[in-house]
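Let's take a stroll through the inside of a protein, looking at greasy parts and charged parts in turn. Have the picture open while you read.

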Amino acid sequence: MSAAAVEGPYRPEPLTLLEEANKLMEQHPAYRVEIIGGVITVTPPSDYPHARVLTKLMKPFLAAGLDGEETEVAWGVGVWLPTGPEDFAIPDLVVVDADIDEHLIENSCYDPVAFRLVLEVTSSNYNNDLRNKVAAYAEAKIPVYLIVNRKHGRVHVLTDPVAGGYDTHRVHAPGEQITLPDSIGAEVTLDVAELLAAGQRKG
């Protein structure tokens, strides 16, 4: 008597991190899904003050002419990171070279060489912006990383990327004016108090 072949249950190939991230984006379109250091991070939708800060920031960038022939200002643009084979982040706001379309890598993410500045406004996952992304953006050699730290009432300007972080990290308090590095393409001055006030709930 011959024995019938025994087949185990069908097990599909596990999803890659990138496939898993894309699946999460499809299931939760209002959330921001990123892979940083080989770890998927999911950020809930931001509150309105977060959006208000971005609006306040756009104005001086546009007034300085950064959205023109040489550079463009945008939000929600993915940057492909060298910190892992599928790593990417989606900064809140970016200043990029105008030829950004030529730098598409995959998954709607672009080569960091085209980024002059990345900017994050902290939300519930502020530690990610203050730690993990500092290392990731530095590894990507993005020249300027700006953080509006609503949690601690400060604005951080990080420049001179080196392995594991930025060589220069300046922290600015309300009452200070920040002039961003010329490397972004124009002179931009920001009012710390105005940005932090915009990031607070009114009433």
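How many residues does the largest nonpolar core have, and which of them have the most contacts inside it? Keep in mind that this is a predicted model. The core has 27 residues, and Leu57, Phe61, Leu119 and Leu180 are the ones with the most contacts inside it. Several elements give two or more residues to this core: the helices and strands in question are α2 (48–63), β6 (93–97), β9, β10 (144–149), β11 (154–162) and α4 (192–198). The top contributor is α2, which gives five residues.

Phe61 is a nice place to zoom in. Setting aside neighbours within four places in sequence, Phe61 is in contact with a whole list of residues, including Leu66, Val73, Leu93, Val95, Leu117 and Ile184. Leu119 and Leu180 are also among the contacts of Phe61. There is a second, separate core too, with 22 residues, and Ile36, Val79, Leu81 and Ile142 are among them.

Now for the charged side chains. The model has eight salt bridges. Here are three of them, with the N to O distance for each:

| Pair | Distance (N to O) |
|---|---|
| Glu120 and Arg32 | 3.3 Å |
| Lys133 and Glu34 | 2.8 Å |
| Lys133 and Glu120 | 2.9 Å |

What does the Glu120 and Arg32 bridge tie together? Glu120 lies in strand β9 (residues 115–121) and Arg32 in strand β1 (residues 32–36), so their salt bridge joins parts that are 88 residues apart in sequence. Lys133 and Glu34 also form a salt bridge, and this pair links distant parts of the chain: Lys133 is in helix α3 (residues 126–139) and Glu34 is in strand β1, 99 residues apart. As for the salt bridge between Lys133 and Glu120, helix α3 holds Lys133 and strand β9 holds Glu120, so that pair ties together parts 13 residues apart in sequence.

Are these charged residues buried or exposed? Glu120 has 0% relative accessibility, so it counts as buried. Glu34 is buried as well, with a relative accessible area of 0%. Lys133 comes in at 1% and is buried, while Arg32, at 15% relative accessibility, also counts as buried. These bridges belong to a bigger picture: Arg32, Glu34, Asp92, Glu120, Asp129 and Lys133 are linked in a network of salt bridges.

Then there's Glu86, which sits in the loop between β4 (78–80) and β5 (88–89). Which side chain of opposite charge is nearest to Glu86? That would be Lys23, 14 Å away, and Glu86 is buried yet has no salt bridge. What Glu86 does have is polar company. Its side chain makes a polar contact with the side chain of Thr16 at 3.3 Å, and the side chain of Glu86 also reaches the backbone nitrogen of Leu17 at 3.3 Å. Leaving aside neighbours within four places in sequence, the residues in contact with Glu86 are Thr16, Leu17, Leu18, Ile35 and Trp80.

Methods:
Residues numbered from 1 in each chain as written. Predicted model: local features only at pLDDT ≥ 70, side-chain atom pairs only at ≥ 80, totals over all residues. Heavy atoms only, no water. Salt bridge = Lys/Arg side-chain N within 4 Å of Asp/Glu carboxyl O. Helix = DSSP H or I, 4+ residues; strand = E, 2+ residues; numbered from the N terminus. Buried < 20%, exposed > 50% of the residue type's maximum accessible area, 1.4 Å probe, protein only. Core = buried A, V, L, I, M, F, W, Y, C linked by side-chain atoms within 4.5 Å. Contact = heavy atoms within 4.5 Å. Lys, Arg positive; Asp, Glu negative; His and termini not counted. Polar contact = N/O pair within 3.5 Å; in protein donor to acceptor, adjacent residues only side chain to side chain.
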